[in-house]
Amino acid sequence: MVVKVYISGISGNKEVKKRQQRVLMILDSKNIKYEVIDITEPGKEDDKDFMQNNAKCNGGTVSDPNPRSPLPPQVFNDEEYCGDYDQFDMANEVDTLEQYLKLEIPSESLPGPDNEVSIKNGSVKESSIEKKYKNSNVDASEEYVNNEANEGASTNEEIQAANTELDENLLEEVENEDSENRLKPEYVNKSSKEIAPANDENGHENGVISSREPSNEKEEIQHTKENLSEALIESEKAVSTE
């Protein structure tokens, strides 16, 4: 099956020339094999008659909307008519050019047991494309849940670390505040007043004891002096008697 494009190489209609160039350019861009048949060349009278007799659309233009005979370009697949320029352009726009040209559709796009959707007794058979789509959605949702769990775990760790740091800061502030209070005059005076009575009592007792201790020492010294003086007097008396 060969795509045949019937054109006019010497047409004086500019719109016809532009249409012919566009059809050939699109076929080249899509790597579609085709055969160009110029109905104005010598010896192509039979091809011209075939085109005019079998074309179902007249290929009207703006300048000539209702021509007496079909205007090129006209497209055939062998001897099977495909359409004129307007139909060709529409098929290209909606991406159905292969169907328009009546070419063999690739086996991948043909309906089959793996990619057809059949409805029977209220049951729907999913196509392979739908299955892939659902599987991809499931994988994406699982990945999302895992990411959320990881983010939640990291968030909990961050909260625990922040709470620990907060507790340490509070403890440090309390210790600093306590040490500052100890240095304040009010705290010192209060502490000294609390300690003073005990010191007074101890001091009173210690004072009594200390005052008694010197008095006893003085008495002993005085007693010793008296004993020495008495001993001297007795020794002098003994000397004088001799």
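The exercises below, each with a worked solution, walk through a predicted model of one protein chain.

**Exercise 1. The overall layout**

Find how many helices and strands the chain has, and in what order they run.

*Solution.* Begin with the count, which comes to six helices and six strands. Next, follow the chain from the N terminus, where the elements are arranged as β-α-β-α-β-β-α-α-β-β-α-α. Then turn to burial: the chain has 242 residues, and 19% of them count as buried. Finally, look at the contacts with a separation of 6 or more, of which 55% are made by residues 24 or more positions apart.

**Exercise 2. A salt bridge within one helix**

Determine where Arg19 and Glu15 lie with respect to each other, and decide whether each of them is buried, partly exposed or exposed.

*Solution.* Step one is to place the pair: both residues belong to helix H1, which covers residues 14–29, and they are four residues apart, about one turn of the helix. Step two is to check the distance, and here the side chains form a salt bridge with N and O 3.2 Å apart. It helps to recall that side chains of opposite charge can pair when their charged atoms come close. Step three concerns accessibility: Arg19 has a relative accessible area of 10%, and because buried means under 20%, Arg19 is buried. Glu15, at 24% relative accessibility, counts as partly exposed. As a last step, widen the view to the network of salt bridges that links Glu15, Arg19 and Asp86.

**Exercise 3. Salt bridges between two helices**

Work out which residues Arg22 pairs with in salt bridges, and which parts of the chain these pairs link.

*Solution.* Start with Asp89, which forms a salt bridge with Arg22, the closest N and O atoms being 3.0 Å apart. This pair links distant parts of the chain, since Arg22 is in helix H1 while Asp89 is in helix H3 (residues 85–93), 67 residues apart. Continue with Glu93, whose salt bridge with Arg22 has its closest N and O atoms 4.0 Å apart. Here too distant parts of the chain are linked, with Arg22 in helix H1 and Glu93 in helix H3, 71 residues apart. To finish, compare the accessibilities: Arg22 counts as partly exposed at 28%, whereas Glu93 counts as exposed at 55%. The count of salt bridges comes to four.

**Exercise 4. The largest pocket**

Describe the largest pocket by its volume and by the residues that line it.

*Solution.* The volume comes to about 200 Å³. The lining consists of 15 residues, and those closest to the centre of the pocket are Ser8, Ile39, Pro70, Leu71 and Pro72. Sorting the lining by character gives seven nonpolar residues, seven polar residues and one charged residue. Asking next which element gives the largest share of the lining leads to helix H2 (residues 45–54), with three residues.

**Exercise 5. Two buried residues and their neighbours**

For Asn77 and then for Gly59, state where the residue lies and what it touches beyond its neighbours in sequence.

*Solution.* Asn77 lies in strand S3 (residues 74–77) and is buried, with a relative accessible area of 2%. The side chain of Asn77 reaches the backbone oxygen of Leu101 at 2.7 Å. Leaving out residues up to four places away in sequence, Asn77 touches Met1, Val2, Val3, Cys82, Leu101, Lys102 and Leu103. Gly59, by contrast, sits in the loop between H2 and S3, and at 4% relative accessibility Gly59 is buried. With neighbours within four places set aside, Gly59 is in contact with Arg19, Leu71, Gln74 and Asp84. For Gly59 and Gln74, the separation is 15 residues in sequence and 7.6 Å in space, C-alpha to C-alpha.

**Exercise 6. Backbone features in the loops**

Locate the cis peptide bond and the positive phi angles of Asp78 and Lys102.

*Solution.* The cis peptide bond joins Pro72 and Pro73, with omega about 5°, and Pro73 is in the loop between H2 and S3. Asp78, which is not a glycine, has a positive phi of about 55°; its place is in the loop between S3 and strand S4 (80–84). Lys102, also not a glycine, has a positive phi of about 60° and is found in the loop between helix H4 (97–100) and strand S5 (119–120). Both residues are partly exposed, Asp78 at 29% and Lys102 at 28%.

How values were computed:
Residues are numbered from 1 along each chain as its sequence is written. This is a predicted model: local features need pLDDT of at least 70, side-chain atom pairs count only at pLDDT 80 or more; totals for chains, interfaces and linings use all residues. Side-chain values use heavy atoms; hydrogens and water are left out. Buried means under 20% relative accessible area, exposed over 50%, partly exposed in between (1.4 Å probe, protein chains only). On a 1 Å grid over the protein atoms alone, a cavity is a set of points where a 1.4 Å probe fits but cannot get out, and a pocket is an open set with protein on both sides within 12 Å along at least five of seven lines; lining residues have an atom within 4 Å of a point. Grid points are joined across faces, edges and corners, and a volume is the space filled by probe spheres set on the points. Ala, Val, Leu, Ile, Met, Phe, Trp, Tyr, Cys and Pro count as nonpolar, Asp, Glu, Lys and Arg as charged, and the others, Gly among them, as polar. A polar contact is a pair of N or O atoms within 3.5 Å; within protein, one must be able to donate a hydrogen and the other to accept it, and residues adjacent in sequence count only if both atoms are side-chain atoms. Contact means heavy atoms within 4.5 Å.
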